[in-house]
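Here is a friendly walk through a protein model, taken a piece at a time. Keep the picture open as you read.

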Amino acid sequence: MKKNTVFKGIATALITPLDETGINYEQLGRLIDWQIAEGIDALVICGTTGEASTLTDAEHRAAITFAVQHAGGRVPVIAGTGSNDTEYVHDLTHCACEAGADAMLVVTPYYNKATQKGLIKMFAQIADKSTKPIILYNVPSRTGINIEPATYEALAEHENIVGIKEANGNISKVVETMARVHGKLDLYSGNDDQLVPLMALGGVGGISVISNVMPAQTREICTRFFKGDIAGSAEQQYKLYSLIEALFCEVNPIPVKAAMAAMGFCKDYLRSPLTTMEDTNREKLVSLMRAHGLNV
């Protein structure tokens, strides 16, 4: 059952430029334009890195609509529409479909969690009602629940569920998952430090945080891999490792927001309970950015 691939390569999990008055759409538009000019393969709006959990419902819908319209079909736009309330996911997904998003990124339900049976039911219901493809998002460190390989196998039979953003960090589980769903679901790395390992297991790219800061260089990891230059791809992964580590030394998106502010793309503003980066960590991050040739 071959399904259409939403994108191959790197999708940037975009930050949301915020200030005391709300979303700064001028800055968001400039960021989208720069990402596309740098050759990024797709964009994710209103994901974890976009601080979706503290956007108001109106902001969430408006940000998705703006991103789709501003991108103007130049690259696929994937809308984060996940929640721990299935009915709300239906509503937000409907909005994103109507706005013209190319696919939905739907995270596992957090706090109330679910059994594996509940996950199958929830994702299938969402996929039934969506007019666009669904990419499942597995990030147990944040949600407290893991999508098991057998659950992926069951969900892979749904024609509208097309991919996985895998951020469980467990390579052995990814091997088992791909043994069950390879050819039915596209695999995307949700961890920047595991791009090459997951592509080696059949992955088609990643949904990335570091590509906010270095989109072309992050994409180069995939470009080299897909051309058969595995050693070159791994070398590029190694080169970016120190910066990847720095971008996760505090809770995402605290460091990447600081990095993008240093590059002039936004204000270093986060909504509570997130706080701005500790000074010592910020100094290390900026120093690494300079070492990687960034003008900050």
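What follows is a tour of some helices, then of a few loops. One thing to keep in mind from the start: this is a predicted model.

Let's begin with helix α2, which runs over residues 57–71. Its 15 residues reach 21 Å from the first C-alpha to the last, close to the 21 Å expected at 1.5 Å a residue. Which of its residues are buried? They are Glu59, His60, Ala63, Ile64, Ala67, Val68 and Ala71. These cover an arc of only 160° around the axis, which puts them on the same side of α2. Go round to the other side and you'll find Ala58 and Gln69, which are exposed. And what does the buried side of α2 pack against? Its buried residues lean on β3 (22–23), α1 (25–37), β4 (42–45), β5 (77–80) and α3 (86–99). Once α2 is over, Gly72 follows, with a positive phi near 60°.

Now jump along the chain to helix α9, residues 215–226. At 1.5 Å a residue, its 12 residues should span 16 Å, and the end C-alpha atoms are 17 Å apart, which agrees. The buried residues here are Pro215, Thr218, Ile221, Cys222 and Phe225. Look down the axis of α9 and they fall within an arc of 125°, so they line one face of the helix. That buried set packs against β1 (9–13), α1, α8 (195–200), β10 (205–208) and α10. Just past α9 comes Gly228, with a positive phi of about 95°.

Since α10 is among the neighbours of α9, let's see how the two sit together. They pack at an angle of about 160°, and their axes are 7 Å apart. That angle makes α9 roughly antiparallel to α10, and the crossing is left-handed. From α9, the contact is made by Gln217, Thr218, Glu220, Ile221, Arg224 and Phe225. From α10, Ile230, Gly232, Ser233, Gln236, Gln237 and Leu240 take part. Notice that Thr218, Ile221 and Phe225 are also on the list of buried residues in α9.

Helix α10 (residues 230–246) has another partner to look at, helix α12 (residues 279–291). Their axes come within 9 Å and cross at roughly 155°. That makes α10 roughly antiparallel to α12, and this crossing is left-handed. Where they meet, Ser242, Leu243 and Ala246 of α10 come up against Leu285, Leu288 and Met289 of α12.

What about α12 itself? Its 13 residues reach 18 Å from first C-alpha to last, close to the 18 Å expected at 1.5 Å a residue. Asn281, Leu285, Val286 and Met289 are buried in α12. They cover an arc of only 130° around the axis, which puts them on the same side of α12. Turned away from that buried side is a face carrying the exposed residues Asp279, Thr280, Glu283, Lys284, Arg290 and Ala291. The buried residues pack against α10 and α11 (254–262). After α12 comes Gly293, whose phi is positive, near 90°.

Time for the loops. In the one between α10 and α11 you'll find Pro253, and the peptide bond leading into it from Asn252 is cis, with omega near 10°. The loop between α11 and α12 holds Pro273. The bond from Ser272 to Pro273 is cis too, with omega near 15°.

Two other loop residues have a positive phi without being glycine. Glu51, in the loop between β4 and α2, has a phi near 60°. Is Glu51 buried or exposed? At 3% relative accessibility, it counts as buried. Lys113 sits in the loop between β6 (103–107) and α4 (116–129), with a positive phi of about 60°. At 42% relative accessibility, Lys113 counts as partly exposed.

One last stop is Gly202, in the loop between α8 and β10. Gly202 is partly exposed, with a relative accessible area of 29%. Leaving aside residues up to four places away in sequence, Gly202 touches Met178 and His182. Gly202 and Ala52 are 150 residues apart in sequence, and 29 Å separates their C-alpha atoms in space.

Definitions and conventions: Residues are numbered from 1 along each chain as its sequence is written. This is a predicted model: local features need pLDDT of at least 70, side-chain atom pairs count only at pLDDT 80 or more; totals for chains, interfaces and linings use all residues. Side-chain values use heavy atoms; hydrogens and water are left out. Helices (H or I, at least four residues) and strands (E, at least two) are DSSP runs, numbered from the N terminus. The expected span of a helix is 1.5 Å times one less than its number of residues. Buried means under 20% relative accessible area, exposed over 50%, partly exposed in between (1.4 Å probe, protein chains only). The arc is that of the directions from the helix axis to the C-beta atoms. Contact means heavy atoms within 4.5 Å. Axes are lines fitted to C-alpha atoms, for helices over the stretch in contact, and angles run from 0 to 180 degrees between N-to-C directions. Angles under 35 degrees count as roughly parallel, over 145 as roughly antiparallel, 65 to 115 as roughly perpendicular and the rest as oblique. A crossing is left-handed if the near helix is turned anticlockwise from the far one by less than a right angle, and right-handed if clockwise.
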